[in-house]
Amino acid sequence: MSYLEPWEESTGSEGSDRLKRFVFQTKEDLQVHSLPHVLQPLASKQTVMGRGSPHQTGDLTSYDILIRGPLYCFASHIIDIAPHVPVRGVHRHIAAPTIFCLSGKGWEMNDGLTYQFETHDMVCFAPYSTHQHGGDAEVGCAMISLATRLFHSFGLMWREQHKMTEKPAFPDGTEPLYGDDGTLRGYKIKKGVLGIKDDIEVVVGPEPKLEDVFQARKRSAPWNAPVHDTYDRYLKLYHDEVQYLGRVDHVVHESREAWEWSPQGKLKWFVHPDIETGGRQVWAYLQEIPPHSRSGKHLHVAEEQVLVVEGNGYDIHDGARWNWQAGDFICIPRMTTHQHFNSGDSRVLLLCAMPSPFVDVGLGGIEQLEDAPEFPTGDG
Ligand SMILES: [Fe+2]
Ligand SMILES: [Fe+2]
């Protein structure tokens, strides 16, 4: 059972908005402080898409939060593609995740175009693009999706299955749905699951209203008219966003981005507003920490999710120690002072991500409390 019950009904004065505000914020705060800050990865399993892990900190749905880790926004999952496996399914959602290749190499199909990626490259999607992940036939690949629950808060938590993998595994409580001609049309969620009174059919294919809205965006031509006022700027934005997403690369190649020494340590940025890509949900960078060294110490209002790509060590969060090793997820709750320590003889590599909208609501920026020992020269 999740801690936060969805759709709780209010009763009488106990449910007044003023009381709910203080009761629920106290309960949430207790929950945030009781959850572990380092999570071991959940096991992969077969799905209708192919092989992958469940979401590491709860599902993408915003009522399924604060279950495994103290993060409100992130719900990343791992996509495993072994060598010589059947091609994965095809799907689409409005949310545009940013996917980092942890090992191997592969390809990504976005709206009919195919992009190649290798280990430590970042694949960025356009919103509501049909997509399919593929691994190199000989080596396969593993990827982590840096997805956030923000789209659910926007009312845009929509997902469609367009094609299933060749040998789909159907979720518990479901059964395959066949058409009159015997073809697989999707699957049926049986009544009783989550209290539903009737079966729900999950049919393969696009939802017509969404399809119309997004196809209209894609058909829009470049804006060439003068901009006279504020309203014109928003008319132009509609066209500009589509043109921008149509011309940028969908892969940020690790080999083309430079390492830079910052007060926080040695960083390589993958997603932020100055890198031209479709990725807009997160800011993300790789951090390398030399053996037995440490990062700087800093604090930001935004929460942060860190995947330990290589090495082992520990974090200090507001004075508390959290040990980690390769494969673990480090959860840094909002407004937490944090610092990473490498306790091994080889480098530590961390994939760090923060939700980008904090900047847009006036809560961006970083307070640096201590510099990495190697800054500014990299010599230590
Ligand atoms: Fe997807
Ligand atoms: Fe941070």
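Q: Which residues touch the most other members of the largest nonpolar core?
A: In this predicted model, they are Phe-100, Leu-102, Met-122, Ile-144, Leu-146, Leu-350 and Leu-351, out of 39 residues in that core. Strand E26 (residues 348–355) supplies the largest share of the core, 7 residues.

Q: What makes this core lie between domain 1 (15–157) and domain 4 (258–370)?
A: Both domains give residues to the core, so it lies between them. The domain assignment also lists domain 2 (165–203) and domain 3 (208–247). The centres of domain 2 and domain 3, taken over C-alpha atoms, are separated by 37 Å.

Q: Which residues is Phe-100 in contact with, leaving aside its neighbours within four places in sequence?
A: The partners of Phe-100 are His-120, Asp-121, Met-122, Ala-142, Met-143, Ile-144, Phe-270, Leu-286 and Leu-351. Contact here requires heavy atoms within 4.5 Å.

Q: Which residues coordinate the iron ion (ligand 2)?
A: The donors are His-298 (NE2), His-300 (NE2), Glu-304 (OE) and His-338 (NE2), at 2.1 to 2.2 Å. The cut-off for a donor to iron is 2.8 Å, so these atoms qualify. Along the chain the donors of the iron ion (ligand 2) have the spacing H-x1-H-x3-E-x33-H.

Q: Why is the site of the iron ion (ligand 2) called irregular?
A: The angles among its 4 donor atoms run from 85 to 174 degrees. A tetrahedral site needs all angles between 85 and 135 degrees, and 174 lies outside that range, so the tetrahedral label is ruled out. The site is classed as irregular.

Q: Why is His-298 called buried?
A: Its relative accessible area is 2%. Buried means under 20%, so His-298 meets the definition. His-300, at 3%, also counts as buried.

Q: What coordinates the iron ion (ligand 1), and how are its donors spaced?
A: The iron ion (ligand 1) is coordinated by His-91 (NE2), His-93 (NE2) and His-131 (NE2), at 2.0 to 2.2 Å. The donor spacing is H-x1-H-x37-H. His-91 in strand E5 (residues 90–93) and His-131 in strand E10 (residues 131–135) are 40 residues apart, and the pair links distant parts of the chain. Both His-91 and His-131 are buried.

Q: What makes E10 mostly covered?
A: Of the 5 residues in E10, 4 are buried. E10 is joined to strand E7 (residues 106–110) by 5 bridges, and the two run antiparallel. Pairing takes at least two bridges, so E7 and E10 count as paired. Within this pairing, Glu-108 stands opposite His-133 in E10.

Q: Why are strand E1 (38–39) and strand E17 (260–262) called edge strands?
A: Each pairs on one side only. They belong to an open sheet of 7 strands with antiparallel pairing, in the order E1-E24-E21-E26-E19-E18-E17. E1 pairs with strand E24 (residues 329–332) over 2 bridges. The minimum for pairing is two bridges, so E1 and E24 meet it. Val-38 stands opposite Ile-330 in E24.

Q: Why is Gly-195 called partly exposed?
A: Its relative accessible area is 47%. Buried is under 20% and exposed is over 50%, so Gly-195 falls in between. Gly-195 is in the loop between strand E14 (184–189) and strand E15 (200–203). From Gly-195 to Gly-365 there are 170 residues in sequence and 44 Å in space, C-alpha to C-alpha.

Methods: Residues numbered from 1 in each chain as written. Chains lettered and ligands numbered in written order. Predicted model: local features only at pLDDT ≥ 70, side-chain atom pairs only at ≥ 80, totals over all residues. Heavy atoms only, no water. Donors = N, O, S within 2.8 Å, 3.2 Å for Na, K, Ca; no water. Tetrahedral: all angles 85-135°; square planar, octahedral: opposite > 155°, others 65-115°. Buried < 20%, exposed > 50% of the residue type's maximum accessible area, 1.4 Å probe, protein only. Domains from an automatic or database assignment. Core = buried A, V, L, I, M, F, W, Y, C linked by side-chain atoms within 4.5 Å.
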